Amino acid sequence: MPVTSGQIISRGLTNRCPNCGSRTLFAKWFTANERCPACGMVFERPNDGFFLGAAVINYTVTCVLMLVPVVVLVFMQRIDVLPAVVFAVVWCLAFPALFHHCARSLWLMTYYLVFPRQLPANEQ
């Protein structure tokens, strides 16, 4: 049965396999599965930089969620520059690690929304 765009989006937002919908993207916190244990779909693509898109998503969300509030608060003179810099440094170290799973899942979602025929369930 083909996977629809709505299913790809819902699976991407809930960190599920884009092909079968099982919760098998990650084995441990920073360890992604090479393939889905449920359906066998290959997640990892060695030597081609496939997950660079996930890094871009992670970097962009980190910067936007940190820079906008900090810059606004500093310019409105609600906080001083030093606490703003300390907050920014702590945020930029902690948030990307916490957002890692979501960024990888969002990248898979984006990729398969653009190329839905590359999902094994849609190859027919």
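Here is a walk through the structure above, from its overall build to a few local details.

Keep in mind as you look that this is a predicted model. Start with the secondary structure: the protein contains three helices and zero strands, and reading from the N terminus the order of elements is α-α-α. The helix α1 covers residues 5-13 and α2 covers 52-75, with a loop between them. After α2 comes another loop, and then α3, which spans 81-114.

Now step back and look at the overall dimensions. Taken along the principal axes, the C-alpha atoms fill a box of roughly 60 × 25 × 25 Å. The radius of gyration is 18 Å, whereas a compact globule of 124 residues would come out near 14 Å. Of the 124 residues, 35% count as buried. Among contacts with a separation of 6 or more, 56% are made by residues 24 or more positions apart.

What about empty space inside? A search of the whole structure turns up one cavity of 30 Å³ or more. About 50 Å³ of space lies in the largest cavity. If you would like to find the spot, its lining is made up of Leu25, Phe26, Ala32, Asn33, Phe43, Phe51, Arg104, Ser105 and Leu108. Sorted by class, that lining has six nonpolar, two polar and one charged residues.

Next, the cysteines. A disulfide is a covalent bond between the sulfur atoms of two cysteines. How many disulfides does the structure hold? The count is zero, and two cysteines help to show why. For cysteine 39, the closest cysteine sulfur belongs to cysteine 36 and sits 3.7 Å away, which is too far for a bond, because a disulfide needs the two sulfur atoms within 2.5 Å. Cysteine 92 has its closest cysteine sulfur in cysteine 63, at 6.0 Å, again too far for a bond. As for their surroundings, cysteine 39 is partly exposed at 33% relative accessibility, and cysteine 92 is also partly exposed, with a relative accessible area of 34%.

Finally, take a look at the backbone. Most residues other than glycine have a negative phi. Asparagine 15 is a residue other than glycine with a positive phi, near 55 degrees, and you will find asparagine 15 in the loop between α1 and α2. Glutamine 77 has a positive phi too, near 60 degrees, and lies in the loop between α2 and α3. Are these two residues buried, partly exposed or exposed? Asparagine 15 counts as partly exposed, at 22% relative accessibility, while glutamine 77 counts as exposed, at 70%.

How values were computed
Residues are numbered from 1 along each chain as its sequence is written. This is a predicted model: local features need pLDDT of at least 70, side-chain atom pairs count only at pLDDT 80 or more; totals for chains, interfaces and linings use all residues. Side-chain values use heavy atoms; hydrogens and water are left out. Buried means under 20% relative accessible area, exposed over 50%, partly exposed in between (1.4 Å probe, protein chains only). Helices (H or I, at least four residues) and strands (E, at least two) are DSSP runs, numbered from the N terminus. On a 1 Å grid over the protein atoms alone, a cavity is a set of points where a 1.4 Å probe fits but cannot get out, and a pocket is an open set with protein on both sides within 12 Å along at least five of seven lines; lining residues have an atom within 4 Å of a point. Grid points are joined across faces, edges and corners, and a volume is the space filled by probe spheres set on the points. Ala, Val, Leu, Ile, Met, Phe, Trp, Tyr, Cys and Pro count as nonpolar, Asp, Glu, Lys and Arg as charged, and the others, Gly among them, as polar. The radius of gyration is taken over C-alpha atoms; the globule rule is 2.2 Å times the number of residues to the power 0.38. Contact means heavy atoms within 4.5 Å.
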